[in-house]
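The following exercises concern salt bridges, burial, a surface patch and a pocket. Please work through each task before reading its solution.

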Amino acid sequence: RGCGMTILGLLPYAVLFHTAFYFCDGSLPTVPYSARQMLAGLCGSIAAATVGVPVECIKHRVQLRAAEYETPRLAIETTLRNEGLNGLFSGFGSTMARNAPYNALHFGIFAAASHL
């Protein structure tokens, strides 16, 4: 249960990540390369989380409360009705606390190492 949500969420997640990454990378031409890559990784994380967090939230609700949420659509409708838009972004802060530093460091270190 919930695998379809993960698969459907992967494409927009990747598109948003890479669009934001390359936009930020191209918008900072005067910033040194590794710092620019670090900032671009951070931007990509933030953009991708806007899709990734709601998808994960609904996926977890469908998987963990199968009797209450028989389908992802029902989970979305119930969450919006009971908790509003904030319910879909439950866990956004902790996701950003994990993903933003990881992607910033990953891309920054890789950029620095590739120029050794």
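**Exercise 1: a pair within one helix**

R73 and E77 both belong to helix α3 (residues 72–83), where four residues, about one turn of the helix, separate them. Helices here are DSSP runs (H or I, at least four residues), numbered from the N terminus. The model is predicted: local features need pLDDT (the predictor's confidence in each residue, from 0 to 100) of at least 70, side-chain atom pairs count only at pLDDT 80 or more, and totals for chains, interfaces and linings use all residues. Residues are numbered from 1 along each chain as its sequence is written, and side-chain values use heavy atoms, with hydrogens and water left out.

Task: state how the side chains of R73 and E77 meet, and classify R73 by accessibility.

Solution. Step 1: the two side chains form a salt bridge at 2.9 Å, N to O; the term requires a side-chain nitrogen of Lys or Arg within 4 Å of a carboxyl oxygen of Asp or Glu. Step 2: the relative accessible area of R73 is 63%, so R73 is exposed, the classes being buried under 20%, exposed over 50% and partly exposed in between (1.4 Å probe, protein chains only). Step 3: E77, at 35%, is partly exposed.

**Exercise 2: a pair between helices**

Task: determine which helices are linked by the salt bridge of R36 and D25, and whether R36 is buried or exposed.

Solution. Step 1: the side chains of R36 and D25 meet in a salt bridge of 2.7 Å, N to O. Step 2: R36 lies in helix α2 and D25 in helix α1, so the pair links distant parts of the chain, eleven residues apart. Step 3: R36 is buried at 15% relative accessible area, and D25 also counts as buried, at 16%.

**Exercise 3: the largest pocket**

Task: identify which element gives the most to the lining of the largest pocket.

Solution. Step 1: the largest pocket holds about 300 Å³ of space. Step 2: its lining comprises 15 residues, with Y13, G52, V53, E56 and R98 nearest the centre. Step 3: α1, α2 (33–64) and α5 each give two or more residues to this lining. Step 4: α2 gives the most, with seven residues. Step 5: E56, one of the residues nearest the centre, forms a salt bridge with K59 (3.3 Å, N to O). E56 is partly exposed at 31%, whereas K59 counts as buried at 14%.

Key: 1 Å grid on protein atoms, 1.4 Å probe; cavity = no way out; pocket = protein on both sides within 12 Å on 5 of 7 lines; lining within 4 Å. Points joined across faces, edges and corners; volume = space filled by probe spheres on them.
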